[in-house]
Amino acid sequence: MGAAITFDTLKFAKKLKSVGFDEAQAETLSDAFRESEAASIENLATKQDLRELETRLTGEIKALDAKMSGEQKLIRWMMGFVLAGIAALILKSFFA
């Protein structure tokens, strides 16, 4: 769904003629400007486009957060295991 912006080529051409352009120049420039504007409008994001992007990004962030949370739990468990091993080695050195 694209944004609808109207461009009054007749008014633009009249304005150009009023400042010294001849009719052919004014019409050519007016047409070129309209075509350029129409091409650029195709690349504009609508509010709906932005809402859809926000929804997708929110979902991706939640999935990444869940994945990171799971990895953090694994790292904590592994650190606990390593610390317990180090503590066991220290205690063994005292009682040996």
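**Aromatic pairs and a nonpolar surface patch**

In this predicted model, F12 is partly exposed, since its relative accessible area of 25% falls between the 20% under which a residue counts as buried and the 50% over which a residue counts as exposed. F33 is likewise partly exposed, with a relative accessible area of 40%.

The rings of these two residues belong to the aromatic pairs of the model, of which there are two. F12 and F33 form a stacked pair, with 5.4 Å from centre to centre and 25 degrees between the planes. Distant parts of the chain are linked by this pair, as F12 is located in helix α1 (residues 9–18) and F33 in helix α2 (residues 23–41), with the two positions 21 residues apart in the numbering. The other pair is formed by W77 and F81, which are also stacked, the ring centres being 5.8 Å apart and the planes 10 degrees apart. Both W77 and F81 lie in helix α3, where a spacing of four residues corresponds to about one turn of the helix, and both residues are exposed.

Helix α3, which spans residues 47–95, also contains V82, a residue that contributes to a nonpolar surface patch together with L83, I86, I90, L91, F94 and F95. The area of this patch is about 770 Å². V82 has a relative accessible area of 43% and is therefore partly exposed; this value satisfies the requirement of over 30% relative accessible area that applies to residues of a patch.

Technical notes: Residues numbered from 1 in each chain as written. Predicted model: local features only at pLDDT ≥ 70, side-chain atom pairs only at ≥ 80, totals over all residues. Heavy atoms only, no water. Patch = residues over 30% accessible without salt bridge, like charges linked within 9 Å, V, L, I, M, F, W, Y side chains within 5 Å. Areas by Shrake-Rupley, 256 points an atom, 1.4 Å probe, with all protein chains shown as cover. Salt bridge = Lys/Arg side-chain N within 4 Å of Asp/Glu carboxyl O. Buried < 20%, exposed > 50% of the residue type's maximum accessible area, 1.4 Å probe, protein only. Phe/Tyr/Trp six-rings, centres within 6.5 Å; stacked < 30°, edge-to-face > 60°.
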